[in-house]
Amino acid sequence: MKILTGNDLVSGDVIWWAGDGWSRQVGDSADVGDHGDDLARTEEAALRVVGAYVIDATLTDDGIRPAHIKDRIRALGPTVRPDLNLKPNDADAGNWVI
Amino acid sequence: MVEFLSFRDGEAAQEPAVTVESFTGQSNATAVRIEPGEDARELLPHLDRLSLVEVNFPAYGDGRGYSAARILRESGFQGELRAVGDVLVDQINAMRRCGFDSFHPNKALDDAAVERALNRYADVYQKAIDGRQPVWAKRHPEKIDG
Amino acid sequence: MYRYDSYDQSIVDARVEEFRDQVQRRLTGALTEDQFKPLRLMNGLYLQLHAYMLRVAIPYGTLSGKQMRKLGEIAAKYDKGYGHFTTRQNLQYNWIKLADAPDILAELATVEMHAIQTSGNCIRNISSDQYAGVSADEVADPRPWAELLRQWSSFHPEFTYLPRKFKIAVIASDDDRAAMRLHDIGLKLVSKDGVIGAEVYAGGGMGRTPMVAPLIRDFVAEEEIVSYLEACLRVYNRYGRRDNKYKARIKILVHEIGVEEYKRQVEEEFAHMRELGLNPPTEELDRIRAFFANPAYETGLSEDVDRTDPAFALWVDRQVTAHKAPGYAIVNISLKPLTGIPGDASAEQIELVASLAEQYSLDELRVTHAQNLVLPHVRKADLYAIWQKLEEAGLAEANLDLITDIIACPGLDYCALANARSIPLAQKIAQRFADAERQAELGELKLKISGCINACGHHHAGHIGILGVDRKGVENFQLLLGGSGAQDASLGQITGPGFSEDGVVDAIEKVTDIYLAERTDGERFLDTYRRIGMKPFKEAIYG
């Protein structure tokens, strides 16, 4: 699947296009098909996102998994600060990015 | 919004600017346009017959035009020095300091933003072309001539 | 330390308001991201993997207690309670909101700090020797020169849109602690016939085409340094490549036209520029120099250090360096705890070091390019008290210049440019070599990790260097041997095919085993490598 990600213009938070708006959770991502670039332009112009780009991802038993490690780290947070990532109670969360 | 900005007394030069190559190859043109890769020093022998030098900024990030402007002013060019192209409001102040005295940007500039940009810094650290006293001169007035 | 006068303050305050205006225009859509990006970068604001990142300038790595405290307060108030000290003596915050950035800058301005030109294609923060002013071997304190150049380079009207970033370092000792020759321009202060001037090196750098800077002039007098550097920069601004960002640094220009031709052009421009009245009067450097005069050191202090506590004695032997004044010492504070993140410090640790500086170090501290901190003026009698407080705060690691004193860039955990993670690898190496005796046995061994070819982790200059690369979406690590950023500057050579994260740790262990087997008396790892060459190491690794 193709999903759209970027950062929130004001806070800088990593965000994922969820079909009707933006989510902080990669798992909420919607398949944007061929519309990702158009969506990115519209949403950037509307000042809701900065640096938006389309990536490949797969739907797994664990949820949506971005194809590239860089986007998996974006989805989780820094692997060296488990206290600050999106799964602070999961000691093995860092393994998900590999 | 302002499409053309001049800090000179009197009318802005109107004649079309020719390329450096055609300028140095003929004798009657009085306005020339410098592109980023061109050597401003080629114009130095002809400064007294030039009324306008346009310095083109095809992209704001290409800073060669700042050096071109200063070189012309350092060599005594008194005519109009115009920045044209991708000239943005946040660059006007540095351009003024390098000796530009008119601006013809691709996109019109907001007058109020230009005003703010030009008056933002009461003090500057370097001696440049605009005649402003750098802070080191203000700190040591006894050492500065005139 | 230098203190702002009303001119310096007004310029920094004006910058805060200018940036506030720029951020406002971005937030209302008057500026597109393309237009805003160079403006925010010139104020050190990046968009990184997880958030905006703000890089704060620490000019020549010198801070007061009050400034350090402010850095900690900002970390607690606007970030997630920590900051990262960088290889250019700056500090980065990883979790900044765009809307907060102007307020942060306003807070920094209250303690005479800023983020001016900490990124962008302009002249960056001037770096220097962390022992400036306190080491016995310098010909003069380099920091007055660095401050003069900080002012000269701030909002320079001609050199704000250079082909690429431009880094300057100033040192004044034969021991180079600032990687001076790996800068775009390096200045080394020297004394000639009793007059202080600068040797000038140009065209060094790391990145994808590392080069050690050649000498381009053996003496520039202080009253002409500004016009000379204007000439260097003008030649670069006019003729540096702009067609390819990977070939745009001054090192490529110097390499392509040749050092002699670059020198010739600079001299020609200098002959012109020295006549333009661009140089501040010598009184200005004198004025700045007065701020860096020796503090009022106490006399008659004891040289004795009570070494009865063995852990303290170990720390003293490793972290404490000779000071030029009797009874004083230089304390190096490690930001490399074995399980920590190289260069990171929590808001509480920053506050503690600020207090230590105020209480024990004449209100001054330094940041090193190796991502550690320094208390430069400590009475030997106070060492034990300082150590106890550092120990409580997790800052008493005794590993200066040892294999676990690793330089590491933020890598793929934080950085949008990175290809691989640097920090987890640094932690694995630190754990493998955690044993203190083993580290001491290996002696001086500078290990440096970059998560991409941009080389923020100085991997080319590591005795052992590691470069993270992306191999079909999987992190992979190349190993380099034989680099140095010191006075014997050299560039590391790649051993061969890369490794997985665990594989590279094993390879390093094999490399250090060869060193231990082959070294002769007194040889550092680097010396042995230079003597016996790559071959034995390669055989051990790839066998």
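**Three chains, question by question**

Student: Which residue in E5(A) stands opposite Leu59(A)?
Tutor: Strands are DSSP runs of E with at least two residues and helices are runs of H or I with at least four, both numbered from the N terminus. Strand E4 (residues 50–60) of chain A pairs with E5(A) in the antiparallel sense over 4 bridges, where pairing takes at least two DSSP bridges between two strands. Across from Leu59(A), in E5(A), stands Ile64(A).

Student: Hang on, what kind of model is this?
Tutor: Residues are numbered from 1 along each chain as its sequence is written, while chains are lettered from A and ligands numbered from 1 in the order in which they are written. Local features need pLDDT of at least 70, side-chain atom pairs count only at pLDDT 80 or more, and totals for chains, interfaces and linings use all residues, since what we have is a predicted model.

Student: Which strands stand at the edges of the sheet in chain A?
Tutor: That sheet is open, with 5 antiparallel strands in the order E3-E2-E1-E4-E5. Two of them have a single partner strand each, so one side of each is left without a neighbour, and these are E3 (22–23) and E5 (63–66) of chain A.

Student: What angle does H1(A) make with E4(A)?
Tutor: Helix H1 (residues 36–45) of chain A packs on the sheet, touching E1 (2–7), E2 (14–17) and E4 of chain A; contact here puts the C-beta atoms, placed from the backbone, within 7 Å. Axes are lines fitted to C-alpha atoms (for helices over the stretch in contact), with angles from 0 to 180 degrees between N-to-C directions. For H1(A) against E4(A), that comes to about 140°.

Student: Which two chains share the most contacts?
Tutor: Chain A and chain B do not touch, their nearest C-alpha atoms being 19 Å apart. Between chains C and A, the contact takes 22 residues from chain C and 21 from chain A. Of the 2 pairs of chains in contact, the one sharing the most contacts is chains B and C.

Student: How many charged residues are on the side of chain B that touches chain C?
Tutor: Here 28 residues of chain B meet 32 of chain C, and H2(B) gives the largest share of chain B's side, 5 residues. Ala, Val, Leu, Ile, Met, Phe, Trp, Tyr, Cys and Pro count as nonpolar, Asp, Glu, Lys and Arg as charged, and the others, Gly among them, as polar. Chain B's side has 10 nonpolar and 5 polar residues, and the number of charged ones is 13.

Student: Which elements do the buried residues of H7(C) pack against?
Tutor: Buried means 20 or more other C-beta atoms (placed from the backbone) within 10 Å of a residue's own; exposed is 12 or fewer, with partly exposed in between. In H7 (residues 250–257) of chain C, the buried residues include Ile250(C) and Val254(C). They pack against E9 (195–202), H6 (225–239) and H8 (259–273) of chain C.

Student: Which element gives the most to the largest nonpolar core?
Tutor: A nonpolar core joins buried Ala, Val, Leu, Ile, Met, Phe, Trp, Tyr and Cys residues through C-beta atoms within 7 Å. The largest has 231 residues, with Val53(B) and Cys232(C) among those with the most contacts inside it. Giving 9 residues, the top contributor is H6(C).
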